[in-house]
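Reader: Please take one part of this model and go through it closely. I would like the sheet, the helices that lie on it and the ligand site treated together.

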Amino acid sequence: MTKPSRQKLYTEQDRDNIRWFWRNYLKDKTPKLFLVLGMILIQGLVYQQFLSMTESGLRVIFESGQARDLAMVCVVVFFLFAVRGLMSYLVPLVAVRVTNQAVYEMRRDLIGHLMALDLAYFERTKSGEIIQRLVTQTQSLGMFVGMASANALRDAVTVVIVSGYLIWKNPILFATAVVVLPFIIWVMNYVSDRVKTAQGEAETALGNYMNGIEETVNGMRTVKIASQEQVEADRLMTGTGAIRDLMNRVQITQALVMPSIDLSSAFVYVLVIGGGGYMVLSPDFDVDGAGIITFLLGMVMVFDPARLLAQFFGTVQSNLVLLDRIRNLYRETPTIKDTEGATADFDTAADITLDNVHFAYDPEQPLFKGLSMTFGGGKVSAIVGATGSGKTTILSLLSRLYDVEGGEIRFGDTPLRELQVAALRGAFSVVAQDIVIFNASIWDNIRYVNPEASEDQIWQAAEDAEIADLIRQRGGAPVGPKGAQLSGGQKQRIAIARAFLRDAPILLLDEATSALDQATEERIKSALDRLTKGKTTIVVAHRLSSISDADRIFVLEAGQLVEQGQHEALLAENGLYAQLYKAQKKGYDGG
Ligand SMILES: Nc1ncnc2c1ncn2[C@@H]1O[C@H](COP(=O)(O)OP(=O)(O)OP(=O)(O)O)[C@@H](O)[C@H]1O
């Protein structure tokens, strides 16, 4: 039976992550890092010189030398510490810039990478997790790399230089003093190991917690109407509790470091005083009182940085976890991107054909198993069908929010995959079901799709979408997060105004007028007719009366095209379309 293997402290993955971090965020800062290193070396040397001066000073005292010599020693010691003080100021000054620049670059790259990822990634990843990476994890990691590492390096240099000096002065005494080293190493290993596991769990818990906050805040309307405030509060509190327990675990484990070091230092001092005292008293050793006092002082100087260094190694593990989490995001790669030789040049007025298209969100439940249909260029096509039949998905496939898994979509003769993604999407105006409204003025919300548009063009788009009066009323007031201060119909009119303003050659209208009252819909319809003129338009609508004059109507049922044709012909066929139409008509007539 094999022993369960202990988690390795530095896995190959960690090493790879560190190399990646170095290459991307530190390598170009090498001159600054060398500057920091140089200043840190000076700090270490100051301690060594201080020890040597102290020993001389003590000898002056013990061996009743000149008071002038003593004054000289005092001046030099003061000067040495002034130099160390200056370095202590300059090191963070440089290190802070390195840190903040690294955080900035990390965030810049993460944002860039995030923007390139497929929509599918955002549909399966909790937003809390993304926020956490962009906000807290990058910050902590940057702080660690910049400040914490500079401090650790200073401590390490101090430990090495002062220890080196002590070994040179008295190797036997030094050897006696370091017998506690294996114990310290064991404690550090134990702590690091546990911290690493707990930190990983704590990060996950924190991500869930942030996500919970996001969901609750966004869903506050539903939460309140359903009187679920307590349930939501409890859910968040469960997350908070988990974080508290995990952070306790991390920090309590880390707290083991200090007492073990204190205890070890006590051991060391006793050994040095006992052993050193014996050496002074014994004629076999050439050691005097000044030498021993200086040695003890040296040990004190080593212990503090050693203790900080030990603590630092505790935090290395948690930061390796953070580094891996951030790196993980880069392991997500976009699949929807320009293929080699992709063209921006295609006939936007051509027929759009779905040829034997296969697609599944979930491999277990394929949605389209060989769907074929052609949307006439410059014509109005409508897609109807029961909810969940795949109407919106067709629109998403046309704009390559997802890729088809089989078959092909073509614009004229050009396959969709051979088009540059940006050029393809630039050819569409979309009024989607889930309208995204930003917390800015209505005006800015409309302009979003075409920042270059002139004031007149924006007013015209607003007039066409019947939202101009509201702009005049509200002025520049922001509309609340996600447009919370607007009605559903007002949001829809902003979306329609955007479509007017964008004026792209292909128009996708997904339930574009569903939230409007019949009177407004009628008014907007004539504007929409103007908008769709000469454009390839694809309309998804539940209200069949709104699409009855479409050039072609496609009827979908569970991902399959069951009927197609014009309104009158479909009614005459007396199939699914006729059934849906009659049912709706009966509903409207109140019969
Ligand atoms: N992002 C997604 N991830 C997984 N499944 C999805 C996703 N979007 C839609 N689906 C599923 O795919 C099917 C088709 O969805 P689609 O939105 O295309 O339907 P629809 O006909 O537009 O419906 P509705 O009329 O309700 O808007 C549904 O069963 C839906 O649950």
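Author: Helix α12 (residues 391–398) lies across four strands, β3 (380–385), β7 (506–510), β8 (536–540) and β9. Its direction is at about 150 degrees to β8. Contact here requires C-beta atoms, placed from the backbone, within 7 Å of each other. Axes are lines fitted to C-alpha atoms, for helices over the stretch in contact, and angles run from 0 to 180 degrees between N-to-C directions. Helices (H or I, at least four residues) and strands (E, at least two) are DSSP runs, numbered from the N terminus.

The model is predicted; local features need pLDDT of at least 70, side-chain atom pairs count only at pLDDT 80 or more, and totals for chains, interfaces and linings use all residues. Residues are numbered from 1 along each chain as its sequence is written.

A second helix, α17 (residues 488–502), lies across β6 and β7 and runs at about 170 degrees to β6.

The strands named so far belong to an open sheet of six, in the order β6-β7-β8-β3-β9-β10, and the pairing is mixed. Its edge strands, each paired on one side only, are β6 (428–431) and β10 (560–565). From one strand to the next the twist averages 15 degrees. Two strands pair if DSSP finds at least two bridges between them. At the β10 edge, β9 (residues 552–557) and β10 are antiparallel and share five bridges. One of these joins E557 to Q560 in β10.

Now the ligand. Around it are E123, Y361, L367, G385, T387, G388, S389, G390, K391, T392, T393 and Q433. A residue is near the ligand if its C-beta atom, placed from the backbone, lies within 6 Å of it. Helix α12 gives the most to this shell, three residues. By class, the shell has two nonpolar, eight polar and two charged residues. Ala, Val, Leu, Ile, Met, Phe, Trp, Tyr, Cys and Pro count as nonpolar, Asp, Glu, Lys and Arg as charged, and the others, Gly among them, as polar.

As for the setting, an automatic or database assignment divides the chain into domain 1 (13–331) and domain 2 (352–589). Their C-alpha centres are 56 Å apart. An unreviewed UniProt entry places "domain: ABC transporter" at residues 352–583. UniProt positions follow the numbering used here, feature names are shortened, and annotations may be inferred rather than shown by experiment. Residues 352–583 are 35% helix and 24% strand, with end C-alpha atoms 31 Å apart.

Terms used:
Contact = placed C-beta atoms within 7 Å.
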